[in-house]
Amino acid sequence: MMCGDERIGIGLIGAGWMGKHHAFNILKNQHARLVAVSDLEDETAREFVDSAGISAQVYTDYQEMLARPDVDAVVIASPNKAHAEHAIAAAQAGKHIYLEKPMATTLEDCRRIAHAVEQAGVKCSIGYHRRLNPIVQYAKQLQVEGRLGELILAESDYVHYIPGDWSIWEWLGKESIAGSLVHAGAGHNVDLLRYFCGEVVEVSCFKDIRMPRKCQVETEDIAIINLRFANGTLGRVVMFVGPIMPFNFTIKLFGTRGTVDNNRI
Ligand SMILES: NC(=O)c1ccc[n+]([C@@H]2O[C@H](COP(=O)([O-])OP(=O)(O)OC[C@H]3O[C@@H](n4cnc5c(N)ncnc54)[C@H](O)[C@@H]3O)[C@@H](O)[C@H]2O)c1
């Protein structure tokens, strides 16, 4: 519903680090307007709205925000475990959805979201934005044009230094909130490899917890994931959250006719 304004009305669920990035992008988009912001913490949402100088209404109960007819779509940037609840409620309220990654932390929750979205007939996009990176798009173009030939091996690494004393470890390492660090980080890499290679038919993984930090992670901070795709391509993802170095996200595609090797995504 446009209410006399042709722009798409957007409501934000979760006004934390990522939610604010989304909000600023919405504010820059001439086709959209941010009509409401919801966060469990009233102060977080109010501080953001005040500092951005916008007139968006603030809610601590996202259901109240979903009841607004001028909210056409929602951006969900709440902690991973809350994604299923928020996405299903948004779909049932008839709102289109941009859902931050990971879609959910269990397969069952992913299926429940997909079902709710299908039933409601709304659109839902998951926040694997790296597919849209110009370098990735260029590599995709090379693949589509046949210039890589048949892919034999595809690799993508996620090596991310996050200082051990940062407060993010209070939730990022907790299985009950984040799922795992593979969900939180390496999901991007698995998504990219699926973009180039299709469906995974076999997977194995070595993982461990190695880096010291203020709140230790519960699942893994290093993982080596081996993949076999239905088309025969082999894949590998290395995730390591902790080494003392700049953020490094790579993509390597080895084909019968050409190779893509890039570490600047
Ligand atoms: N696509 C990417 O590259 C990328 C990068 C970073 C984070 N993320 C994703 O964004 C999401 C948020 O991460 P973040 O780093 O911004 O976390 P964050 O902790 O900074 O923000 C989460 C916000 O959600 C709020 N919140 C918690 N429960 C809520 C509820 N029930 N209703 C409304 N608000 C609630 C919290 O108060 C907080 O303000 C996560 O799913 C994360 O995986 C994606």
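**View 1. The ligand occupies the largest pocket of this predicted model.** The model is a prediction. In it, the space taken by the ligand is the largest pocket. A shell of 23 residues surrounds the ligand. The closest of these are Trp17, Met18, Asp39, Asn80 and Lys101. Sorted by class, the shell has nine nonpolar, 10 polar and four charged residues.

**View 2. Two helices contribute to the shell around the ligand.** Helix α1 spans residues 17–28. Helix α4 spans residues 83–92. Each supplies at least two residues of the shell. Trp17 and Met18 are among the closest residues to the ligand.

**View 3. Polar backbone atoms of Trp17, Met18 and Lys101 each pair with a ligand oxygen.** The distances are as follows.

- Trp17: a polar backbone atom is 2.9 Å from an oxygen atom of the ligand.
- Met18: a polar backbone atom is 2.7 Å from an oxygen atom of the ligand.
- Lys101: a polar backbone atom is 2.8 Å from an oxygen atom of the ligand.

On its own, the ligand has 840 Å² of accessible area. The protein covers 82% of that area.

**View 4. A cis peptide bond links Lys101 to Pro102.** Most peptide bonds are trans. The bond from Lys101 to Pro102 is cis, with omega near -10°. Pro102 sits in the loop between β5 (96–99) and α5 (107–120). Lys101, on the other side of this bond, is also one of the closest residues to the ligand. A polar atom of the Lys101 backbone is 2.8 Å from a ligand oxygen.

**View 5. Thr105 makes a side-chain contact with Lys81.** Thr105 belongs to the loop between β5 and α5. Pro102 lies in the loop between β5 and α5 as well. The side chains of Thr105 and Lys81 are joined by a polar contact of 3.2 Å. Is Thr105 buried or exposed? Its relative accessible area is 11%, so Thr105 counts as buried, the cut-off being under 20%.

**View 6. Leu34 is a buried residue of strand β2.** Strand β2 covers residues 32–38, and Leu34 lies in it. The relative accessible area of Leu34 is 9%. Buried means under 20%, so Leu34 qualifies. Ser55 is 21 residues away from Leu34 along the chain. The C-alpha atoms of Leu34 and Ser55 are separated by 8.5 Å.

Conventions
Residues numbered from 1 in each chain as written. Predicted model: local features only at pLDDT ≥ 70, side-chain atom pairs only at ≥ 80, totals over all residues. Heavy atoms only, no water. Near = heavy atom within 4 Å. Polar contact = N/O pair within 3.5 Å; in protein donor to acceptor, adjacent residues only side chain to side chain. Areas by Shrake-Rupley, 256 points an atom, 1.4 Å probe, with all protein chains shown as cover. 1 Å grid on protein atoms, 1.4 Å probe; cavity = no way out; pocket = protein on both sides within 12 Å on 5 of 7 lines; lining within 4 Å. Sits in = over half its atoms within 2 Å of the grid points. Helix = DSSP H or I, 4+ residues; strand = E, 2+ residues; numbered from the N terminus. Nonpolar A, V, L, I, M, F, W, Y, C, P; charged D, E, K, R; others polar. Buried < 20%, exposed > 50% of the residue type's maximum accessible area, 1.4 Å probe, protein only.
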